[in-house]
Amino acid sequence: MTVRLFLLILASVSLSALAQLALKIGANAAAQARSSGVGGEVGGLIQSPMVIVGLGLYGVGACLWLFVLGRAPLSLAYPFVGIGFILTTLAGAFFLHENVSMMRIAGTLMIAIGCAVVARSA
């Protein structure tokens, strides 16, 4: 795998993780607005700026992913999606102050090891 291809994979997966963070922040804001009587169920989500940002990030990430899929075997590229689980877990812990249990850390480490094995066997 070339460095350029690896960087494209990492960019796509990172954008997806950022999209998850933005969607979570937007969904939380919409839920808070709903509980105070502002906005409806779907309307509040659609109008949330962070939900729109999250969807936009997903779109850009998907375009990059299509570029990756045109240049790498699926069996090589797809396991790197696991990096997204790692990044999303870290984002939840650091930016949203979510509790990350030892079991979650262990599972995340297993994903990281699996990505490393896939990358080395390429």
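**Close-up views of a predicted model**

**View 1. Ala 31 in helix α1.** With a relative accessibility of 32%, Ala 31 counts as partly exposed, because that value falls between the 20% limit for buried and the 50% limit for exposed residues. In this predicted model, Ala 31 belongs to helix α1. Its C-alpha atom is separated by 8.3 Å from the C-alpha atom of Leu 45, a residue 14 positions away along the chain.

**View 2. Ser 12 and its surroundings.** Ser 12 is also placed in helix α1, which covers residues 3–35. The relative accessible area of Ser 12 is 3%, and the residue is therefore buried, the cut-off being under 20%. From this position the side chain of Ser 12 reaches the backbone oxygen of Gly 61 at 3.0 Å. When residues up to four places away in sequence are not counted, Ser 12 touches Gly 61, Leu 64 and Trp 65.

**View 3. The largest nonpolar core.** In soluble globular proteins, nonpolar side chains tend to be buried together. Here the largest nonpolar core has 13 residues, and those with the most contacts inside it are Ile 9, Val 68, Ala 77 and Phe 80. At least two residues of this core are supplied by each of α1, α3 (49–69), α4 (74–77) and α6 (102–120), and the largest share, 4 residues, comes from α1. Leaving aside residues up to four places away in sequence, Ala 77 touches Ile 9, Trp 65, Val 68, Leu 69 and Ala 72.

**View 4. Helix α5 and the residue His 97.** Helix α5 is formed by residues 82–95, 14 residues in number, and it reaches 20 Å from its first C-alpha to its last, close to the 20 Å expected at 1.5 Å a residue. The buried residues of α5 are Gly 82, Ile 83, Gly 84, Ile 86, Ala 91 and Gly 92. Helix α5 is followed by His 97, for which phi is positive, near 55°.

**View 5. Cys 63 and Cys 115.** A disulfide is a covalent bond between the sulfur atoms of two cysteines. The count for this model comes to 0 disulfides, under a rule that requires a pair of cysteine sulfur atoms within 2.5 Å. Cys 63 has a relative accessibility of 53% and so counts as exposed, since the threshold for that class is over 50%. Cys 115, by contrast, has a relative accessibility of 5% and therefore counts as buried.

Notes: Residues numbered from 1 in each chain as written. Predicted model: local features only at pLDDT ≥ 70, side-chain atom pairs only at ≥ 80, totals over all residues. Heavy atoms only, no water. Buried < 20%, exposed > 50% of the residue type's maximum accessible area, 1.4 Å probe, protein only. Polar contact = N/O pair within 3.5 Å; in protein donor to acceptor, adjacent residues only side chain to side chain. Contact = heavy atoms within 4.5 Å. Expected span 1.5 Å × (residues − 1). Core = buried A, V, L, I, M, F, W, Y, C linked by side-chain atoms within 4.5 Å.
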